[in-house]
Amino acid sequence: EETSAAQVSLPEQLVNAFNAVFGAHPGLRANHPKGVVLEGSFTPSDKAASVSKAAHFAKQAKPIPVTVRFSAGSGLPTVPDTNEMPRGMAIKFSLPDGSQTDMVVLSYNGFPVSTGEDFRDFLLAIAASGPDAPKPNALENFLNGHPAAKTFVQTPKPPPVSYGTLPYFGINAFKFTNAKGKTALVRYQLQPITGVQYLTKEQVSAKGPDYLSDEIRDRVRRAPVKFHLLAQVAEPGDKTDDPTVVWPETRRTIDLGTLTIVKAVEDSQAAEKKLLFVPGALTPGIEAADPMIAVRSAAYIVSLSRRAQPQ
Ligand code: HEM
């Protein structure tokens, strides 16, 4: 019996499209399967509560516990860390009332496409453009029609010194509401306190395929790894429904607090299997402003439901 494409939801089509590019890897994430899990805490700044009433931005008796997963931005479980690609960071905040909220960010500012449908088509174009495909291939055609995707493909994404020396970007916009009901449209940024540090080509050639996971485990043993969490605030006219459009660097940023990572978990692979980070797992004071957040969330849950199947 045939199942027509129309019966398959967009989130399922997206997970199928990742599988078409990278293969299906039972038990692993459809995208970003290679990662490392760590623990730490978040301490809000004095200003954070003035922009959002979210529990982790309120003045705390003690820091908010966080679980952090750094990942390689590829669907290949054994992709070498020395590849040029974005890196991911996922943060789970454990709030004082026992609930949790997530933040899922990338080291590339701006997304290659505007919508879930375009992301599916981008992935399918990659899958159809192997070395034997006649030219112009599907990917070349797609890139010609999608300038942000072309820029994304052409922009260097050099391997960093460490997962702890990269900036990360929320890319999708959220709406903050403070205790007085005042709202602001924002995008997250995480800035490493060490400053941003990449490897030179020569340094990259001396590194092994898993150098980033090894490096971050080592680094947190020596000292905490810290990031400033910032909210970049939109001005009237800034797009909140198109993640390809990066807001100007001149936009005001508000310091929301400091993320401090103190240790790697003992069994990262066991931990990451049980973890699900969902960009739409929010808490009062934060809402999705970009429609891509809902599509992403549904796709992450499809990926989880597949990777949780007994093998
Ligand atoms: C329509 C757009 C997108 C789709 C369909 C998509 C899909 C996915 C899927 C299926 C996973 C695996 C989830 C799991 O099994 O737990 C994933 C992971 C991830 N994605 Fe996306 N994604 C999208 C956009 C983005 C954007 C805009 C960002 C960053 C701002 C991002 C960052 C990440 C990161 C960091 C992970 C790894 C999460 C973890 O460590 O568990 N993705 N994505």
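**Group meeting: a walk through the model**

Let's start at one residue: H32 sits in the loop between α1 and β1 (35-44). Its backbone stands out. The phi of H32 is near 55 degrees, which is positive, and H32 is not a glycine. Most residues other than glycine have a negative phi. Keep H32 in mind; the ligand brings us back to this residue.

A word on confidence before we go on. What you see is a predicted model. The average pLDDT of the chain is 97, and 98% of the residues reach at least 70. Among the elements, β2 has the highest mean pLDDT, at 99. The lowest mean belongs to helix α6, residues 201-205, and that mean is 97. For the model as a whole, ipTM is 0.99 and pTM is 0.97.

Now the ligand. Which residues come nearest to the ligand? They are R29, H32, G88, A90 and S303, out of 32 residues around the ligand. So there is H32 again. Several elements each give two or more residues to this shell: α1 (10-22), β2 (64-72), β3 (87-94), β4 (100-106), α3 (116-127) and α9 (292-307). Which one gives the largest share? That is α9, with eight residues. By class, the shell holds 19 nonpolar residues, nine polar ones and four charged ones.

Next, helix packing. Take α1 and α9. Their axes lie 8 Å apart, at an angle of about 60 degrees. That angle makes α1 oblique to α9. The crossing is right-handed. On the α1 side, the contact uses L10, P11, E12, L14 and V15. On the α9 side, it uses V295, A298, A299, V302, S303 and R306. S303 should sound familiar: it was one of the residues that come nearest to the ligand. What classes make up this contact of α1 with α9? Eight residues are nonpolar, one is polar and two are charged.

Stay with α1, but turn to α3. These two axes come within 8 Å and cross at roughly 25 degrees. Therefore α1 and α3 are roughly parallel to each other. Is their crossing left-handed or right-handed? The crossing of α1 and α3 is left-handed. From α1 come L10, Q13, L14, A17, F18, A20 and V21. They meet G116, E117, F119, R120, L123, L124, I126 and A127 of α3. By class, that contact has eleven nonpolar, two polar and two charged residues. Note L10 and L14 of α1: they take part in the contact with α9, and they also meet α3.

From α3 we move on to helix α4, residues 138-145. The axes of α3 and α4 come within 7 Å, and they cross at roughly 145 degrees. Here D121, F122, A125 and I126 of α3 meet A138, L139 and F142 of α4. This contact has six nonpolar residues, one charged residue and no polar ones. I126 of α3 appears here with α4, and I126 also meets α1.

One last stop, between those two helices. P136 is in the loop that runs between α3 and α4. What kind of peptide bond joins K135 and P136? It is a cis bond, with omega at about -5 degrees. Most peptide bonds are trans.

To recap, we saw a positive phi at H32 and a cis bond between K135 and P136. We also saw α9 give the largest share of the shell around the ligand.

Notes: Residues numbered from 1 in each chain as written. Predicted model: local features only at pLDDT ≥ 70, side-chain atom pairs only at ≥ 80, totals over all residues. Near = placed C-beta within 6 Å. Helix = DSSP H or I, 4+ residues; strand = E, 2+ residues; numbered from the N terminus. Nonpolar A, V, L, I, M, F, W, Y, C, P; charged D, E, K, R; others polar. pLDDT = per-residue confidence, 0-100. Axes fitted to C-alpha atoms, helices over the stretch in contact; angles between N-to-C directions. Parallel < 35°, antiparallel > 145°, perpendicular 65-115°, else oblique. Left-handed = near helix turned anticlockwise from the far one by under 90°. Contact = placed C-beta atoms within 7 Å.
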